[in-house]
Amino acid sequence: MAVSGWLVQPAVLPWMALILGLCVGSFLNVVVHRLPKMMEREWREQCADLAGTALPPAGRYNLVVPRSACPACGARIKALHNVPVFSWLALRGRCAGCGKRISARYPAIEILAGLIGAYAAWRFGPTLAAAGAMGFGWALLALTAIDLDTQLLPDDITLPLLWAGLLINMTGAFVPLRTALIGAVAGYLALWLVYWGFKLATGKEGMGYGDFKLLAAIGAWLGWQKLPLVILLSSVVGAAVGIGLMVLARHGRDKPIPFGPYLAAAGLIALFWGEDIVRRWLPILG
């Protein structure tokens with residue numbers, strides 16, 4: 001049996017996807033940490049250009065340069081200490097240089113990325129849909145972490161995710177292209193209308209434009225038929241979490257709660273289990 005044929009066997013493919021997902025999760029940690037800082041640098045440069053002032057020269061800063069380092073002591077992270085999950089466990093969650101604690105979110109994102117990859121491979125097999133589901137899930141995971149940290153949903157992720165959904169559905173991987181196109185438009189307009197309705201009624205902004213783009217991207221991947229389910233799931237979970245935070249006095253009423261993570265979670269649920277939910281539960285709910 002050829003090596004490539006062995007790799008796509010049903011008993012092997014999910015494990016290979018798990019390993020790939022762990023590695024991708026390590027990269028997603030870099031994206032979550034650096035992309036908002038890159039955006040901030042770009043905004044400062046734009047403001048300086050508009051003001052006609054010059055900023056002090058700054059070194060290169062992107063997703064590759066400089067090399068990863070401990071934010072506390074600045075020690076470069078060795079390759080041996082950058083193995084997904086296992087390095088964190090071996091170091092007992094602390095920097096090898098200064099001993100400062102490393103957040104458990106790093107291995108958590110790696111584990112989640114690995115599980116997304118493994119389940120997508122198991123669910124769809126060696127198909128384009130499996131590769132697409134992995135990329136879709138990993139992008140949603142990165143957006144979730146960034147939104148929780150900064151309340152931003154970067155265009156650098158949401159817009160390519162939208163176009164990727166339309167492109168992959170040119171082959172009908174998840175839905176027909178017509179359905180995907182309508183889904184992208186309907187996803188954007190649905191939250192755009194909610195935004196303006198809330199703003200006209202209260203004079204306040206209830207959500208950001210990044211939420212519109214994220215739901216448009218989800219619609220491009222899953223089609224317009226899944227959008228009601230995504231909106232319902234995200235709204236119910238978001239409301240429950242928001243009320244819980246306020247009851248526990250951990251979140252003020254005037255402090256905004258990012259909606260992106262709930263949209264992302266609902267989009268992933270709809271991708272993997274949407275058909276089952278619609279078939280089994282919606283008839284019961286009438």
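1. The accessible surface of the protein, computed here on a predicted model, comes to about 16700 Å², and carbon and sulfur atoms account for 67% of that area. Of the 286 residues of the protein, 38% count as buried.

2. As to secondary structure, the protein has eleven helices and zero strands, so that the pattern read along the sequence is α-α-α-α-α-α-α-α-α-α-α. When contacts are restricted to residues at least 6 apart in sequence, 69% of them join residues that are at least 24 apart.

3. The largest nonpolar core has 61 residues, and those with the most contacts inside it are L28, I157, L161, V230 and L263. At least two residues of this core are supplied by each of α2 (13–51), α4 (105–124), α5 (128–150), α6 (155–168), α7, α8 (209–222), α9 (227–247) and α10 (260–280). The largest share, 13 residues, comes from α5. As background, nonpolar side chains in soluble globular proteins tend to be buried together.

4. L161, which is among the residues with the most contacts inside the core, can be followed through its individual partners: with residues up to four places away in sequence left out of the count, L161 touches F136, A139, L140, L143, A217 and W221.

5. N169 deserves a separate entry, being placed in the loop between α6 and α7. Is N169 buried or exposed? With a relative accessibility of 1%, N169 counts as buried, because the cut-off for that class is under 20%. Leaving aside residues up to four places away in sequence, N169 touches F174, V175, P176, L177, A180, A220 and W221. W221 therefore appears in the contact list of N169 as well as in that of L161.

6. On the surface, L181, V185, L189, W192, L193 and Y209 form a nonpolar patch, and their accessible area together is about 550 Å². Which helix gives the most to the nonpolar patch? Helix α7, spanning residues 177–202, does so with five residues. The helix that dominates this patch by residue count also supplies at least two residues of the largest nonpolar core.

7. W192, one of the patch residues, is found in helix α7. Its relative accessibility is 32%, and W192 therefore counts as partly exposed, a class that lies between the buried limit of under 20% and the exposed limit of over 50%. That value also satisfies the requirement for patch membership, because patches are made of residues with over 30% relative accessible area.

Conventions. Residues numbered from 1 in each chain as written. Predicted model: local features only at pLDDT ≥ 70, side-chain atom pairs only at ≥ 80, totals over all residues. Heavy atoms only, no water. Patch = residues over 30% accessible without salt bridge, like charges linked within 9 Å, V, L, I, M, F, W, Y side chains within 5 Å. Areas by Shrake-Rupley, 256 points an atom, 1.4 Å probe, with all protein chains shown as cover. Salt bridge = Lys/Arg side-chain N within 4 Å of Asp/Glu carboxyl O. Helix = DSSP H or I, 4+ residues; strand = E, 2+ residues; numbered from the N terminus. Buried < 20%, exposed > 50% of the residue type's maximum accessible area, 1.4 Å probe, protein only. Core = buried A, V, L, I, M, F, W, Y, C linked by side-chain atoms within 4.5 Å. Contact = heavy atoms within 4.5 Å.
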